[in-house]
Amino acid sequence: MLGIPDPQVWLAYLLCILSGLLCVVYGVLNWNRD
Amino acid sequence: MTDYLTFGVVVGAYLLITTALAYMGYLRTKSNRDYLIAGGRAHPYLMALAYGSAFISTAAIVGFGGAAALFGMGILWLTFCNIFIGIFIAFVLYGKRTTLLGKQLDAQTFPELLGKRFDSNFIRRLAGVVITLGMPLYAAAVMIGGARFLETTLNINYTVAVAVFALFVGGYVITGGLKGVFYTDALQGSIMFVGMLTLLVFTYAILGGVTPAHQALTALAAHVPESLAAAGHQGWTAMPAFGSEYWWVLVTTIILGVGVGVLAQPQLVVRFLSVRGPRELNRAVIIGGVFILAMTGVAFVVGALTNVYFYQTTGQISLLASISPATGKPNIDTIIPMYINSALPPWFTSIFMLTLLAAAMSTLSGQFHTIGTALSHDLYQRTGLLVSRLGIVVALIVTVFLAYKLPPGIIAVATALFFAICAATFLPAYTAALFWKKATKPGAIASMVTGLTTSLIMLTFFHAKGATALGISQALFGKPTLAGFPWVVVDPIVVSLPLSALALVVVSYLTQGQEQALPYYDRQKAFAAASD
């Protein structure tokens, strides 16, 4: 995927982007909580 | 290399704006609470950038970027850990409760938080000792990185460069306290963000796009030198062979040691004490996550891809292109600067150099502040602006002394050494302070002492890089390290952190009943204290 054959490596590449997105989505959804 | 005049003007403007921000911090510092935790009312945007920029030093970009050129994209597991553990878990799980418990117990430093939670001045002082003895090593490593960089880019004497760094950064931390640190961090973090994003766009553009760049890197697997292949290297878009030397180094030191070690860094925990409440952290996590992705994510991807650039232009992979003519040995720390100088337009060189300068300064300012407050607030235990400022003066002097005197071998392992010690000493007790009501004072003390001693023993006698640099094992036993493979390349955290956690649980159960007198997190009390 994305030119990276080793699933252990493209998974890391993907998880980096997804974890960045997780931070954004969590922050937006909980903007006024707590 | 960009011309000195352009870079000189850019740096001059940057230093001027930083000075203005520092002065603003000084004007707004009225009390010791302002000085220690920015008044406990920091804006989420400021706090997130202050957390991220203190987290990422020049070494994270240049040193680990160089490591990515050697190990390849498997190092992106560290970026995932940096974001998921170092930001998401840190802010949402640890951070929110730290903020509230800090308000409830009126704690203004990390050692004070632990000490008050376990009703133990011993814990507070022990944490203060670990910080004042250990963190100057880490700060000296950051300062040397920054000074070496000033030496080569501005062509000034190394001794002068260290003095400039110490006086400038020390000056704004001493006068402005945490507010001065936060305001300047926000500028420095913003510069770093722009610099790294530009670097990513340029790199993919030079190499023809995302997928073609990765395909070209994959194709280089046929050119892995035999010596690297013997250590487990299988190409730059593949993980090292399972169980090989490179696999152990990548998984334990780089991914675990740095990925988990960050949760118990005192200079980062104090950021959680600086905001009004948990709502601010919900907002800050957005900036934090995106910032770290743009820092280590970009540095590691670009670091790995430098192999394609150097292979296309010189016929050599990055490691071989980094061989110094003087010593005949490769130096991975030179790969990123070399790539910037040869692959990117001259105007970008100035921006990137400023990015590295900002990265060093923002990390250093957080370290000075934490060492200084550990001295004045947790060891000497006096409050007042003058005492707090004197604490930072002492921190500055100790760090500068180490920067001039420490041998290069120790500096190279200082950062990993400090991260490992912090994780083993603080993480189980800190976790229990926040989440485990049954933890007792003897349990917390046992955990901290066990974590500290086992990580020091591992570093001194078993872990090859640490033991060789310290030389104590060689002096006592005539052998650089007492362990065999894989223990020589396994990070101490793999052993010392579980032992520290075990000590906490076992001793707490043996002393059950003692926890009832301790203050535990109480949401209502905490919110009441936060709204005062």
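# Chain B: domains, salt bridges and interfaces

The domain assignment divides chain B into domain 1 (7-406) and domain 2 (407-523). The model is predicted.

Me: What makes Arg33(B) and Asp106(B) a salt bridge?
Reply: The cut-off is 4 Å from a side-chain nitrogen of Lys or Arg to a carboxyl oxygen of Asp or Glu. The N to O distance for Arg33(B) and Asp106(B) is 3.5 Å, and the pair is therefore a salt bridge. Arg33(B) lies in helix α2 (residues 32-37) of chain B and Asp106(B) in the loop between α5 (76-105) and α6 (110-117), so the bridge ties together parts 73 residues apart in sequence.

Me: Why is Arg33(B) called partly exposed?
Reply: Buried means under 20% relative accessible area and exposed means over 50%, with partly exposed in between. Arg33(B) has 29% relative accessibility, so it counts as partly exposed. Asp106(B), at 40%, counts as partly exposed too.

Me: How do you know whether Glu112(B) is buried or exposed?
Reply: Its relative accessibility is 5%, so Glu112(B) counts as buried, the limit being under 20%. Its salt-bridge partner is Lys116(B), at 3.2 Å from N to O. Lys116(B) has 30% relative accessibility and counts as partly exposed. Both residues lie in helix α6 of chain B, four residues apart, about one turn of the helix.

Me: What does the salt bridge of Arg124(B) and Asp378(B) tie together?
Reply: The N to O distance in this pair is 2.8 Å, against a limit of 4 Å. Arg124(B) lies in helix α7 (residues 121-154) and Asp378(B) in helix α16 (residues 346-379), both of chain B, so the pair ties together parts that are 254 residues apart in sequence. Both Arg124(B) and Asp378(B) are buried. The search of the whole structure finds six salt bridges over all chains.

Me: What makes the contact between domain 1 and domain 2 of chain B an interface without salt bridges?
Reply: The count of salt bridges between the two domains is zero. Nine residue pairs are in polar contact there, both residues at pLDDT 80 or more. In all, 50 residues of domain 1 are in contact with 46 residues of domain 2. About 4,200 Å² is buried between these domains, 77% of it from carbon and sulfur atoms. In domain 1, Arg97(B), Arg117(B) and Phe118(B) lose the most area to domain 2, together 18% of what that side buries.

Me: Which residues in the largest nonpolar core touch the most other members?
Reply: They are Met73(B), Phe91(B), Leu199(B) and Phe426(B), in a core of 190 residues. Helix α8 (residues 158-206) of chain B gives the most to this core, 19 residues. The core draws at least three residues from each of domain 1 and domain 2 of chain B. Leaving aside neighbours within four places in sequence, the contacts of Phe426(B) include Phe110(B), Leu114(B), Pro266(B) and Met448(B).

Me: How do you know which residues of chain B supply the most area against chain A?
Reply: The two chains bury about 2,500 Å² between them, 70% of it on carbon and sulfur atoms. Trp77(B), Arg283(B) and Ile286(B) supply 21% of the area chain B buries against chain A, more than any other three residues. Across this interface the rule finds zero salt bridges and eight residue pairs in polar contact, both at pLDDT 80 or more.

Note on methods. Residues are numbered from 1 along each chain as its sequence is written. Chains are lettered from A and ligands numbered from 1 in the order in which they are written. Side-chain values use heavy atoms; hydrogens and water are left out. A nonpolar core is a set of buried Ala, Val, Leu, Ile, Met, Phe, Trp, Tyr and Cys residues joined through side-chain atoms within 4.5 Å. Buried means under 20% relative accessible area, exposed over 50%, partly exposed in between (1.4 Å probe, protein chains only). Helices (H or I, at least four residues) and strands (E, at least two) are DSSP runs, numbered from the N terminus. Domain bounds come from an automatic or database domain assignment. Contact means heavy atoms within 4.5 Å. Buried area is the accessible area (1.4 Å probe) that two parts lose on being put together, summed over both. A polar contact is a pair of N or O atoms within 3.5 Å; within protein, one must be able to donate a hydrogen and the other to accept it, and residues adjacent in sequence count only if both atoms are side-chain atoms.
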